[in-house]
Amino acid sequence: MKNPQTDTVICFHCHEPATEEIIRFEAHDFCCNGCKQVYQLLSEHDLGAYYSDQTLTGIRPNKYSKKRFDILDDPAIRQSYIDFQEGNTVKITLHLPQIHCASCIYLLEHLSKLNPGVIHSLVNFPKRQCSIIVDESQIALSELAHLLTKIGYEPNFTKVEARKSTVNKRLLFQLGFAGFAFGSIMLWSFPEYLGIDQTYKGFRDLSAYLSFVVSLPVLFFSAQDFFKSAFGALRAKTLNLDIPITIGIIALYLRSCYAIFSNEGPGYMDSFAAFIFFLLIGKWFQNKTYQWLSFERDFTAYFPIAVIRKQGDQTELCPIDELKVGDQVRIRNEEIIPCDSLLLSEKATIDYSFVTGESDWVEKNQGDMIYAGGKICGETVELSVLKTSSRSELTQLWNEQHSKQENDGFQSRQDRISRYFIAAVLLIATGAAIGWSFVDPVQIPEIVTAVLIVACPCALALSVPFTYGNMMRKLGRKGFYLRNTTIIERIQQCTHIVFDKTGTLTEQDTKSVEYIGEPLTLEQLDEVYAITKHATHPYALAIHQWIRQTLRPKEMDLKAIEYAGLGIASENGLKLGSASFVGMDESKHLESCSYLAIQEHVLGKFVFKSSLRKGVSNAVTALGCAHKLSVVSGDTGRDLELIRPFFPSGSDFHFEQTPVAKKKYIDKLQESGERVLMIGDGLNDAGALNSAFVGLALSEDLVRFTPSSDAILKAENLQFLPEYIRYIQQGKGFLKISFAFSLMYNLTGVGFAVSGALTPFVATILMPLSSITVVGLATFLTLRKKLPPFQETIV
Amino acid sequence: MFYLLFRPVLCTMGMIYIMLIVSLCLAVFFLGIFLWATKTGQYDDDYSPSVRILYEDEPDQNESNQNNNGNTNG
């Protein structure tokens, strides 16, 4: 399949452009072997319908993942993952974060076609989970996990128990009772609206008493939370919007009870139930949560569950909490070092970028101390455990920072205006009482309750949930996930944006390679390509990939020997490796590079550099217009020139910062009155994200680990952050318009109340009308604006 | 016979009493269903059932296209 605009080949399975290689199979093009295999697997099992919908894309299986799932066959460990077991039949619920569309559900629920050992599978989409029942005599659990990985859904085994059930059932129950009462009472009140009189006293009384009975659960169950919140605020000597709401509700209810028991009719019971019903709908709308995302992960989610332990000549799987000091463990390529330990193998290359922010790979020699958290690149290494994982440097750091102050004096706009609201209501009520004392003092209680009833800020209370709730949903569709709606107000108030460098401004995994030195011929590049083909060292792999991407090298066979940690030498005298390997003085060459030599003559070097994320320079420049900017990085200052040009003058740059120093820097800024938005991605930013006014974590694919934060942004959409923040700023305006409308309704109502013309019928019309206008307005204003990227993703 | 028995009720205001009771029973019935559905977790996943119903073992072209339009689970 070809993309008509760019003329690049688009993969039939994953719809990504095929940049590296093109594989043709059964008249379709594929970008990699993984995609081809998934296609093959699906078409062999008559699941070709998966492709019948051209707009839904498959997932490119992660070819670098060499994870093994032996842990699922270990009787002790698997116990915490399986739901139940009856003979050979096992039910297991797996978290598959890659689930993203309707096709995924189709594929996963037809697993039994791919493997007869699967008896049944059922997807829970909001939780990104799949419950699978298998017959273990036909397929082992590790094979099941392997099968899922093969079709692109790699199970995530971290912290299964932490996946909470967030559909708030209590709120739904409350909503149910309120809706029931609202509908029933309004129906029974119809004769009242149409002017029923004392001729039908029996009926009037019956409907009034029934209304009273039905309203009881609404008052004591559905409205509970508003009362609690109002009393809580009073006890804490603050004001919030629930206080005028509570006053209004109680005034409404008491007035209605009085009407019912003095045989005047059902009073305002219909308004009362409608009122609670609408408020609860607002609350329900605001309570949108992203169930499959975790905003509060701790370090245990980052570490593997088990590692391979060597015992004499044998190896076995061992859960990491059971590792003891002195154990020998084996860590393979791409695996994470679970605890502080001593290197037993000769050499190791470790990627600490996620942990410390250092972008270069670190080379370690036998006998060196290795800290937990790093990722092994290249060959398998053996380690001897020095400290258990819960006591390692990394987790110590984590344990220090539990202190996110939930109560940092932040008050939402809604609560701030409530104080004026309460004052105005009391003023109007007193004014009306004084005025009526000259006209007809008997009417005073009636007038005062009427004022309290119509001044109840129902529409006002709906403005925030619907404005911000809509914005949050809209941002969520663009890959910007907020923990809750108060984060929107927090972002509006931020004055200073602090960036991390490694993994935030620069790409996390890909390094750009640059060749410096005498020009190379194409044959020489082909030779370099050939000798790096089977290498294990990450530098060699990076060079190999770079050559493949920049030019189309010829495949050739060239025998080469790799010297671990030093370099590669080919049979025809080509050498690629460290400075000392090609015969140069190592101490003078500290930058991260590989040297190339032919017949002992050094031709040049391949330099590895961090590459900037796409579009990040424009984004930073745009953000600099309204905010102060800083960079804090754990890396050395060598990339300063790369990033400085697009930062406005006066920005702060801090390099070689430890995680603790980063946190202190944020604290210092906030003490000087700044409100900081911290953007980071790694474990080293965890402290800073936590103490910042808003912590924003970047995530490459929403699958990988992110430190706990207030918001998660898809890394590829960082370039659109200025647009998102501008949209969030516009939210203030949207809210003001909604507020103005709802206050207008309140004023109209107060006009009726003060003049003594408020009847239950007027209240019944005014209240839903104001709520519906405000909800409609908020929805229209927030959804009108288009946000990039313009292709929607499903949440 | 039936009509004669209920005639006094049906021909006066009594009718509206019956309506009142019926409406209450109906509302209670619906409330009960809603509470039961919530309790048994039928609102836990509001997306996959809508997709599942469209995928037969051998769906034809129209069916799978339709469910592309249904991705509004925001």
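In strand S15 of chain A, A:Val381 is the bridge partner of A:Ile331. That bridge belongs to an antiparallel pairing of S9(A) with S15 (residues 381–385), which runs over 4 bridges; strands here are DSSP E runs of at least two residues and helices are H or I runs of at least four, numbered from the N terminus, and two strands pair if DSSP finds at least two bridges between them. This is a predicted model, in which local features need pLDDT of at least 70 and side-chain atom pairs count only at pLDDT 80 or more, while totals for chains, interfaces and linings use all residues. Residues are numbered from 1 along each chain as its sequence is written, and chains are lettered from A and ligands numbered from 1 in the order in which they are written.

S9(A) also pairs with strand S7 (residues 306–311) of chain A, again in the antiparallel sense, this time over 3 bridges. Here A:Arg309 has A:Val329 as its bridge partner, and A:Ile308 stands opposite A:Arg330. Step back, and these strands turn out to sit in an open, antiparallel sheet of 6 strands, ordered S8-S7-S9-S15-S10-S13 in chain A. The edges are S8 (314–319) and S13 (369–370), each of which pairs on one side only.

S9 (residues 328–331) has two distinct faces: A:Val329 and A:Ile331 make up the covered one, with A:Gln328 and A:Arg330 on the uncovered one. In a regular strand, side chains alternate between the two faces of the sheet.

Turning to the nonpolar cores, the largest in the model holds 189 residues, and A:Ala273, A:Val451, A:Val454 and A:Leu677 touch the most other members. Helix H24 (residues 721–754) of chain A supplies the largest share of this core, with 12 residues. A nonpolar core here means a set of buried Ala, Val, Leu, Ile, Met, Phe, Trp, Tyr and Cys residues joined through C-beta atoms within 7 Å. A residue is buried if 20 or more other C-beta atoms lie within 10 Å of its own, exposed if 12 or fewer, and partly exposed in between, with C-beta atoms placed from the backbone. Beyond four places in sequence, A:Val454 is in contact (C-beta atoms, placed from the backbone, within 7 Å) with residues including A:Asn746, A:Val750, A:Phe752 and A:Leu766. A second, separate core of 24 residues includes A:Ile531, A:Ile543, A:Ile568 and A:Leu596.

As for confidence, chain A has a mean pLDDT (the predictor's confidence in each residue, from 0 to 100) of 82, and 89% of its residues reach 70 or more. Among its elements, strand S17 (residues 496–500) comes out highest at a mean of 93 and helix H12 (residues 393–400) lowest at 64. Residues 1–6 of chain A fall below 50, with 9 contacts beyond near neighbours in sequence. Residues 403–407 of chain A also stay under 50, and there the model has 2 contacts beyond four places in sequence.

Chain B is built from 4 helices and 0 strands. Of its 74 residues, 7% count as buried. Its pLDDT averages 71, and 57% of the residues score at least 70. Helix H2 (residues 14–39) of chain B does best at a mean of 90, while helix H4 (residues 61–66) of chain B bottoms out at 40. Over residues 59–74 of chain B the pLDDT is below 50, and this stretch has 30 contacts beyond near neighbours in sequence. For the complex, the predictor gives an ipTM of 0.75 and a pTM of 0.81.
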